[in-house]
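I opened this notebook to keep track of what I look up in the structure, one topic to an entry. Each entry begins with what I wanted to know and ends with what I found.

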Amino acid sequence: MSVDYWSLTFDADGGVTDPDPAGLLAEVVASQTSDLFVMSHGWGNSTGDARYLYDGLFGLIGALPDCPPGARFLGVFWPSLWFPEQGQARAVAAGTPGQADAALSGKEITATLAEAMPEHARTLARMGTIIDRRLADVEAGRTDPTKHDKDLLTFHALLGQVFPGSELATEDGGERSLIDSTNPKADYQALSKTMKSAPPSGDVQSLGDIFGKVWNGAKDALRVGSYYQMKSRAGDVGRKGLGPFLERLHAAAPGVRVHLIGHSFGARLVSYALAGTSSAAASPIGSLSLVQGAFSHWVFTQAADNPFGQAGALCAFTDRVHGPMVATFTAADWAVGKWYPKASFLAQQDVEGTDPAGRWDGMGSDGFQEVRPHGDLTLPLGPGTLLAAGTFYRADANAVITDVSQSSFAGAHSDIRKDPVAELIVAAARAAT
């Protein structure tokens with residue numbers, strides 16, 4: 001079943017574009033809502049994709065017998081960013097993003113990115129042209145190093161312009177090492193090997209082998225940049241947009257409990273809404289449910305337990321949640337478990353031999369790490385499962401989020417419109433104080 005829900009749309013900087021916030025707040029107050037479930041979609045979701053997700057999951061939540069009787073729903077829309085789907089459909093090897101990227105032209109990749117980054121459309125088009133021109137040269141046996149090297153330096157400089165520095169915390173900024181590379185020729189070749197976008201070669205490589213890897217690695221670099229950009233944008237929308245909106249809601253309707261739900265990079269968005277509220281007293285957030293989150297699993301970790309030697313970026317904001325915090329994980333999520341950490345491959349090489357296991361992993365691979373107090377759950381939940389306020393819960397979804405046929409790249413990453421997921425969200429809401 002589906003339910004009616006409000007929509008709230010943000011631009012890339014966290015500004016509300018639709019509807020008028022004051023009008024929406026007035027509607028919520030007039031509705032006598034007791035519990036407002038607020039969800040954000042993740043990467044590469046069109047408005048239609050997001051509505052499909054909200055229609056399904058909100059419907060499942062609303063149909064549960066223990067869903068609060070005064071519950072209403074709100075879907076967050078924001079300009080997420082991803083690669084064209086036809087690359088996944090034409091992938092040579094299932095589950096390999098590099099093969100998906102290699103199956104696309106530079107023009108196809110950059111045109112798709114430009115849809116969510118219109119301010120960089122001209123620059124992206126130029127980057128796509130460079131890739132296609134030089135790969136055509138490789139295929140034709142034209143491997144003049146001077147021309148290739150000149151275009152490579154131009155491409156890499158443009159990469160830094162399109163994906164500039166941001167306020168990403170250390171644990172979430174591993175992709176920056178590639179964008180800041182001082183040796184893109186070597187690092188793009190290494191990236192193509194990591195992402196498997198170029199076929200392996202023998203011990204002696206021709207110039208064609210080298211530049212083929214370089215320019216396929218350039219496609220992969222655009223993917224790495226998109227990871228970086230999406231994380232940054234999701235955090236901005238949460239901190240600058242959703243958090244302040246929720247604080248205004250609390251001031252207007254102090255009795256409404258808000259239950260935040262985020263999928264993929266949307267999990268980062270709703271988490272950063274905590275940092276966008278000024279204090280625990282100003283926050284209406286009753287629970288936080290992160291479903292296959294695509295951001296660092298160290299983000300809530302205290303400095304003493306964090307391999308980065310500093311507190312996670314949201315460690316100081318957990319008091320904004322007046323109930324439990326839950327995070328699902330499954331091995332069938334290839335996007336977060338297999339490929340998300342590979343986007344930080346160069347940062348891993350920089351500390352090779354000293355990098356602890358899981359340093360660059362995402363929330364959807366194994367849930368919260370080194371947090372207190374914490375508990376472990378297994379989906380589906382047993383009858384009568386009760387959660388405790390102020391506690392982090394790692395929710396093992398290996399028996400529920402399983403359908404890897406959904407995507408040759410992402411696996412079961414989006415296999416979340418399911419009763420056990422809804423039951424977990426409602427269990428967290430019931431524990432809100």
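Is Phe-368 buried or exposed? I looked up its relative accessibility, which is 2%, so I enter Phe-368 as buried, the cut-off being under 20%. I note at the outset that the model I am reading is a predicted one.

**Entry: the ring pair around Phe-368**

I then asked what kind of aromatic pair Phe-300 and Phe-368 form. Their ring centres are 5.8 Å apart and their planes stand at 70°, so I recorded the pair as edge-to-face. Phe-300 sits in the loop between β6 (285-291) and β7 (325-329), while Phe-368 sits in the loop between α14 (363-366) and β8 (374-378), so the pair ties together parts that lie 68 residues apart in sequence. I checked Phe-300 as well, and with a relative accessible area of 4% it is buried.

**Entry: the whole chain**

I stepped back to the overall picture and counted 15 helices and nine strands in the secondary structure of the protein. I wanted to know how the radius of gyration stands against the value for a compact globule. For 433 residues that value would be near 22 Å, and the protein has 22 Å, which agrees. Along the principal axes, the C-alpha atoms fill a box of roughly 70 × 45 × 40 Å.

I noted that 58% of the 433 residues count as buried, and that the protein exposes about 16,200 Å², with carbon and sulfur atoms supplying 51% of that area. Among the contacts with a separation of 6 or more, I found that 78% are between residues 24 or more positions apart. For the charges I looked up the mean positions of the 34 positive and the 47 negative ones, and these two points are 5 Å apart.

**Entry: aromatic pairs and a cluster**

How many aromatic pairs does the count give? I have 15 of them in my notes, and one that I followed up is formed by Tyr-5 and Phe-58, edge-to-face, at 5.4 Å from centre to centre and with 65° between the planes. This pair links distant parts of the chain, since Tyr-5 belongs to the segment before β1 (6-10) and Phe-58 to helix α2 (residues 47-63), 53 residues apart. Tyr-5 is buried at a relative accessible area of 16%, and Phe-58 is buried at 0%. I also wrote down that Tyr-5 and Phe-58 belong to one aromatic cluster together with Phe-37, Tyr-54, Phe-73 and Phe-77.

**Entry: Gly-62**

I stayed with helix α2, where Gly-62 is also placed, and asked which residues Gly-62 is in contact with once its neighbours within four places in sequence are left aside. The answer is Cys-67 and Phe-73. Between Gly-62 and Arg-72, which are 10 residues apart in sequence, the C-alpha to C-alpha distance is 8.3 Å. Gly-62 itself is partly exposed, with a relative accessible area of 32%.

**Entry: backbone geometry**

Most peptide bonds are trans, and most residues other than glycine have a negative phi. With that in mind I looked for exceptions. A cis peptide bond joins Asp-18 and Pro-19, with omega about -5°, and Pro-19 lies in the loop between β2 (16-18) and α1 (21-30). Leu-379 and Pro-380 are likewise joined by a cis peptide bond, with omega about -5°, and I placed Pro-380 in the loop between β8 and β9 (392-396).

For positive phi I noted Gln-32, where the angle is near 60°; this residue lies in the loop between α1 and β3 (35-40) and is exposed, with a relative accessible area of 69%. Lys-196 also has a positive phi near 60°; I found Lys-196 in the loop between α9 (184-195) and α10 (207-252), partly exposed at a relative accessible area of 46%.

**Entry: Phe-409**

Last, I asked where Phe-409 is found. It is in the loop between β9 and α15 (419-430), and at 2% relative accessibility Phe-409 counts as buried. I also looked up its separation from Phe-295: the two are 114 residues apart in sequence and 17 Å apart in space, C-alpha to C-alpha.

Terms used:
Residues are numbered from 1 along each chain as its sequence is written. This is a predicted model: local features need pLDDT of at least 70, side-chain atom pairs count only at pLDDT 80 or more; totals for chains, interfaces and linings use all residues. Side-chain values use heavy atoms; hydrogens and water are left out. Helices (H or I, at least four residues) and strands (E, at least two) are DSSP runs, numbered from the N terminus. The radius of gyration is taken over C-alpha atoms; the globule rule is 2.2 Å times the number of residues to the power 0.38. Buried means under 20% relative accessible area, exposed over 50%, partly exposed in between (1.4 Å probe, protein chains only). Contact means heavy atoms within 4.5 Å. Accessible areas come from the Shrake-Rupley method with a 1.4 Å probe; for residues, only the protein chains shown count as cover. Lys and Arg count as positive and Asp and Glu as negative; His and the chain ends are not counted. The place of a charge is taken as NZ of Lys, CZ of Arg, CG of Asp or CD of Glu. Rings of Phe, Tyr and Trp (its six-membered ring) pair if their centres lie within 6.5 Å; planes under 30 degrees apart count as stacked, over 60 as edge-to-face and the rest as tilted.
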